[in-house]
Amino acid sequence: MKRVFSAIMMVLIIGTMTLASGLTTEEDGIVFMREEEKLARDVYTVLYEMWNVNVFKNIAESEQQHTDAVLSLIGEIGLEDPVGENDIGVFTDPELQKLYDELIEKGSKSLLDAVEVGLLIEEIDIADIEELLAGEIGSRTRTVYENLLRGSESHLRAFLKQYERLAGSYSPEVLSVDRFNEIVSAK
């Protein structure tokens with residue numbers, strides 16, 4: 001019961017963060033995705049240092065590639081990079097800062113909690129990327145987002161394998177059961 005309550009609290013905490021629906025322009029979406037991908041990288045880096053489980057290290061390295069891909073869009077369009085020289089765990093978006101702090105707190109409790117954090121981050125990433133892909137965006141941005149989506153789907157499957165080893169079956173917190181099952185059944 002405590003674990004269910006904890007998961008529900010996390011969803012309530014990030015309720016407005018589950019979709020990037022408040023973003024009105026392609027540029028807003030790109031800036032947001034730069035920091036959201038940094039959030040994933042930073043959380044996984046810290047969780048790897050805590051738990052020394054390779055899934056966090058490997059996916060953090062992949063998330064670095066994601067942040068670099070979004071940075072290339074920022075450079076091409078001439079936007080200001082919200083990440084700049086920010087250290088691990090430092091964000092310009094106050095909601096992402098709050099989310100980072102909450103995820104680190106949860107992930108530090110146990111390895112299972114850390115893996116749940118990974119699943120939650122990837123569910124949020126997938127929902128946000130799909131929301132941005134549904135908007136009017138240029139072909140270059142679309143290509144980058146589609147690549148990010150494939151990566152996030154792969155990360156979700158990797159975290160799910162870890163979760164199943166530790167605790168059995170998992171129920172999605174952000175994605176619909178149908179969408180979640182579609183992702184995890186793909187290779």
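**Close-up 1. Three helices come together around the largest cavity of this predicted model.** The helices α2, α4 (94-107) and α5 (111-133) each supply at least two residues of its lining. If you would like to find the spot on screen, look for Glu 36, Leu 39, Leu 96, Leu 99, Leu 103, Ile 121, Ile 124 and Asp 125, which line the largest cavity.

**Close-up 2. The largest cavity has a volume of about 40 Å³.** A search of the whole structure turns up one cavity of 30 Å³ or more. What is the chemical make-up of the lining? Six of the lining residues are nonpolar, none is polar and two are charged. Glu 36 and Asp 125 are among the residues of this lining, and so are leucines, including Leu 96 and Leu 103.

**Close-up 3. Asp 42 sits in helix α2 (residues 26-51).** Is Asp 42 buried or exposed? Its relative accessible area is 0%, so Asp 42 counts as buried, the cut-off being under 20%.

**Close-up 4. The side chain of Asp 42 makes polar contacts with Lys 38 and Arg 41.** With the side chain of Lys 38, the contact is 2.4 Å. With the side chain of Arg 41, the polar contact is 2.8 Å.

**Close-up 5. Asp 42 also has contacts beyond its sequence neighbours.** Which residues does Asp 42 touch once the neighbours within four places in sequence are left aside? Asp 87, Ile 88 and Gly 89 are in contact with Asp 42, as are Phe 91 and Tyr 100.

Key: Residues numbered from 1 in each chain as written. Predicted model: local features only at pLDDT ≥ 70, side-chain atom pairs only at ≥ 80, totals over all residues. Heavy atoms only, no water. Helix = DSSP H or I, 4+ residues; strand = E, 2+ residues; numbered from the N terminus. Buried < 20%, exposed > 50% of the residue type's maximum accessible area, 1.4 Å probe, protein only. Polar contact = N/O pair within 3.5 Å; in protein donor to acceptor, adjacent residues only side chain to side chain. Contact = heavy atoms within 4.5 Å. 1 Å grid on protein atoms, 1.4 Å probe; cavity = no way out; pocket = protein on both sides within 12 Å on 5 of 7 lines; lining within 4 Å. Points joined across faces, edges and corners; volume = space filled by probe spheres on them. Nonpolar A, V, L, I, M, F, W, Y, C, P; charged D, E, K, R; others polar.
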